[in-house]
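Got your viewer open? Let's take a short walk through this model, one selection at a time.

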Amino acid sequence: MAVLGLSLVAEHVSPKVAGILSGYPLGTAIALFYIGLEISPEFAASSAIYTLAGFSASLVLVCSYYYTSALLQLRVKVTNGLNCFLSTIAAVSSFLIAAYLISLFSFTLNISFILSLLAVLVFGGLLSKIRDAEVDDKLPTTFKITLFRAVTAALIVLIVTGIARVVNENWAGVLSAFPITLLPFLMIIHLSYGSAKAHTIIKHYPFGLGALMIYAASIAYLYPKIGLIAGTVVSFILATLYLLLLASVQHYIRAYRRRNALP
């Protein structure tokens, strides 16, 4: 449902808004919740610290996807489908390498948060020059498309939570940072509307990642104190407040630029 919802936002609102909303704790929340449910809230809380650090790996993923896709588009001139496939392979491989390196270190909650914040600033700056593109000719939402989106996201969730059963909390946490909803969403938009629309989503993803950072930090702190259900609810509220604040700030910036005729 999350992937389907993001696809509809990209198609009927804009890829920019969908990119920001991609940072909402959907797939990560599902992964951490099921880890807490199937193993223990304490294990999920420890994992969440590494999830927070692992968001830097998810930024490596989207950056790798963008540069691979852009290079293939400009230099090799491959088909759209092959571009999407090769970009996905490069992105997932980059994530796994970055995730493995992160899992080798010990992190506190504060250090994990600082690492992710620095990654947002660095990768956000690298991706900021991407030109925004809108979806013009919207494709009809068929049962086949809906089924593909749902099955893809569900399979990734099952794989991540399944691996968490046989690894330590470091690896489980970093794997929970895998962009479960974003990656299939990117693939769908890329295949349906071309790389420019997918690149727009990638450009704005770091802005929305703050919601995920707040969510993971809250889970790490709250799960051992107030339990699985209450901790999840409070963390979602905090993440939602962040996105509302972000929307207000961006609205103010746009209004300021219009008043002062800034580009």
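Start by selecting Ile 226, which sits in helix H10; helices here are DSSP runs (H or I, at least four residues), numbered from the N terminus. You're looking at a predicted model, where local features need pLDDT of at least 70 and side-chain atom pairs 80 or more, while totals for chains, interfaces and linings use all residues. Residues count from 1 along each chain as its sequence is written, and side-chain values use heavy atoms, leaving out hydrogens and water.

Now add Ile 229, Val 233, Val 234, Ile 237, Leu 238, Leu 241 and Leu 244: together with Ile 226 they make a nonpolar surface patch of about 700 Å². (Patch residues have over 30% relative accessible area and no salt bridge, with nonpolar side chains joined within 5 Å and like charges within 9 Å; areas use a 1.4 Å Shrake-Rupley probe; a salt bridge puts a Lys or Arg side-chain nitrogen within 4 Å of an Asp or Glu carboxyl oxygen.) Helix H11, residues 228-260, is the top contributor, giving seven residues.

Last stop: select Lys 77, just after H4, and you'll find a positive phi of about 60°.

How values were computed
Helix = DSSP H or I, 4+ residues; strand = E, 2+ residues; numbered from the N terminus.
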